[in-house]
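Here is a short report on one protein model, written for someone meeting it for the first time. The text starts with its enclosed spaces and then turns to a sheet and the helices on it.

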Amino acid sequence: MSYKLTGNEALGIELGSTRIKAVLIDEQFNPIANGSHTWENRFENGYWTYHIDEVWSGIQEAYLKLNDECVAKFGTRIKKLSSIGFSAMMHGYLPLDKNGNPLCEFRTWRNTTTSQAAMELTELFDFNIPQRWSIAHLYQAILGGEEHITDIDYLTTLAGYVHYKLTGQKNVGIGEASGIFPIDSQALNYNENMINSFNELPAVKKLGVDLRSILPKVLVAGENAGYLTEQGARLLDVSGELCAGIAFAPCEGDAGTGMVATNAIAPRTGNISAGTSIFSMVVLEKPLSNVYEEIDIVTTPLGKDVAMVHCNNCCTDLDYWVNIFSQFASSIGSEMTKSEIYDVLYEAALYASPNAGGLVNINYFSGEPVSHTDDGRPLFVRTKNADFNLANFMRAQIYSAISTLKLGMEILEKEDIKIDCLTGHGGLFKTPVVGQKIMAGAMKAPVAVMETAGEGGAWGMAVLADYSVNSNGMPLDEYLNEKVFTNCKSSVIAPDEADCDGFDEYMKLFKQALNTEKSAYCNL
């Protein structure tokens, strides 16, 4: 117990797809305690969702476990903090009534139910509107005549909802806002012309609602986003010991916290987050020459334009296959842990043929707008003369997790977007070297993994929370370089030519197999 809690610590909590994680950092940005809660999305009434009561029970459990670790390490529970920040899965749809109650189920990023709205708004704005963005969900609900639309007082995201309940403030960080409605990166606010165009749509005009009146206020990193209320303190800490009045940072999406956690907020930098979903974020030096439905234009927490390729499916199918091997190990009396089995299987992929030997896996549990597929059925196929062995099987699985991302990244290659280095974080990179090496070959760019990568977005949110009260006017990129990452160690793997060529061969088969995938979900 050499360290004592001082009340100057910062707390970051992120509601991810499979885990809610809380991380406490000291004044040197070291993670000193953490807590987590595991949860899963549900498919109910045609939507992927999480129940709101699970949001709060999950947050409370993660915070309780963090507090218990503080007692074990430092002999006391948390009473004061310098700052708090919340983040969550980007995008989605969570409309609230005038009393702050949800008007329908929370609709997550995973839903592909807004194709009509997304297509019409993309044409109207001449700007890509992905299906998962909040504005696409809102307009689809309007077009569908859903009953709740006349009662919307506030439209927000999961992070924005939690922030509102804890602070009473209707605001979000600009990175999170860029997944709600297009941002004007010069004005650091919603695009005014596009709001006017939306309000003039016949179906919207009929409602008599000004979109401005229901959207969250936009804040940039470093600004104060409110303070923890008495009610919010009791909602977060059921023990009743946490004091009200703690400053809040603007809430962010997991894309924004990933950029901070990997120090990838400057032009020509980028990161890849690979977990339940996979997405790349590349900070742009210049605008793209065209509008691409495969590329989202979002922003850094400071409002700089970012090209984002977001794919709904990544490691879920791979996890199911690992479970099969885990069950086999258990059935023969092996005492290997699941983590050890992961490492053995991942490392087998290093000894595979670079093209995975003619094996192809499509990991789709849901639709993928990037590959223009409306639904998903996990699918494993092999060519007639395939070299079917464990190493090739595992390489095909890892390739599958990144193949849809590659479809979007190929567009950035044609746009001649320069990337000095990509930083990887998330479950795909937990086993040393393997995911990093394969990703470098697939993306044809060096891939770095930081020693802090395991802390992920919750740590990144804690850093943003600290920045909101301790920036002293220092720009965020300087703050990260000079204070946060000064002594951070990382490993960098350059692309191997054999891996590059092998992945190109694999991608040819993957693209051909997409027709089989479409047949599968149409007939099964």
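The largest cavity holds about 110 Å³ of space. A cavity is a set of points, on a 1 Å grid over the protein atoms alone, where a 1.4 Å probe fits but cannot get out; lining residues have an atom within 4 Å of a point. Volume is the space filled by probe spheres set on the points, which are joined across faces, edges and corners. The model is predicted: local features need pLDDT of at least 70 and side-chain atom pairs count only at pLDDT 80 or more, while totals for chains, interfaces and linings use all residues. Residues are numbered from 1 along each chain as its sequence is written, and side-chain values use heavy atoms, without hydrogens or water.

Residues lining the largest cavity include Leu138, Ile142, Phe198, Asn199, Leu207 and Asp210. Helices α3 (134-143), α6 (192-199) and α7 (202-207) each give two or more residues to this lining. Helices (H or I, at least four residues) and strands (E, at least two) are DSSP runs, numbered from the N terminus.

The whole structure has three cavities of 30 Å³ or more. The second largest is lined by Ala221, Gly222, Ala249, Pro250, Glu252, Pro301, Met461 and Leu464.

The largest pocket is an open space. A pocket is an open set of grid points with protein on both sides within 12 Å along at least five of seven lines. Its lining counts 47 residues, and Thr18, Gly275, Thr276, Gly427 and Lys430 lie nearest the centre. Helix α11 (338-348) is among the elements that supply at least two lining residues; α11 gives the most, with five.

The table sets the three spaces side by side. Ala, Val, Leu, Ile, Met, Phe, Trp, Tyr, Cys and Pro count as nonpolar, Asp, Glu, Lys and Arg as charged, and the others, Gly among them, as polar.

| Space | Volume | Lining residues by class |
|---|---|---|
| Largest pocket | about 1,400 Å³ | 15 nonpolar, 21 polar, eleven charged |
| Largest cavity | about 110 Å³ | ten nonpolar, one polar, one charged |
| Second largest cavity | about 50 Å³ | six nonpolar, one polar, one charged |

Now the sheet. Seven strands form an open sheet in the order β17-β18-β16-β15-β21-β22-β23, with mixed pairing. Two strands pair if DSSP finds at least two bridges between them. The edges are β17 (296-299) and β23 (490-493), each pairing on one side only. From one strand to the next, the twist averages 25°. Four bridges join β17 to β18 (305-311), and the two run antiparallel. One bridge pairs Thr299 with Asp305 in β18.

What are the neighbours of β15 in the sheet? They are β16 and β21. Five bridges link β15 to β21 in parallel, with Thr269 opposite Cys421. Another five link β15 to β16, antiparallel, and Asn271 stands opposite Met281. β15 and β16 form a hairpin with three residues between them. Five of the six residues of β15 are buried, so the strand is largely enclosed by the rest of the structure. Buried means under 20% relative accessible area, exposed over 50%, partly exposed in between, with a 1.4 Å probe and protein chains only.

Helix α9 (254-261) lies across six strands, among them β15 and β16, at about 60° to β16. Eight of its eight residues are buried. Asn263 follows α9 with a positive phi, near 55°. Helix α12 (390-414) touches β15, β16 and β18, and its direction makes about 25° with that of β16. Contact means heavy atoms within 4.5 Å. Axes are lines fitted to C-alpha atoms, for helices over the stretch in contact, and angles run from 0 to 180 degrees between N-to-C directions.
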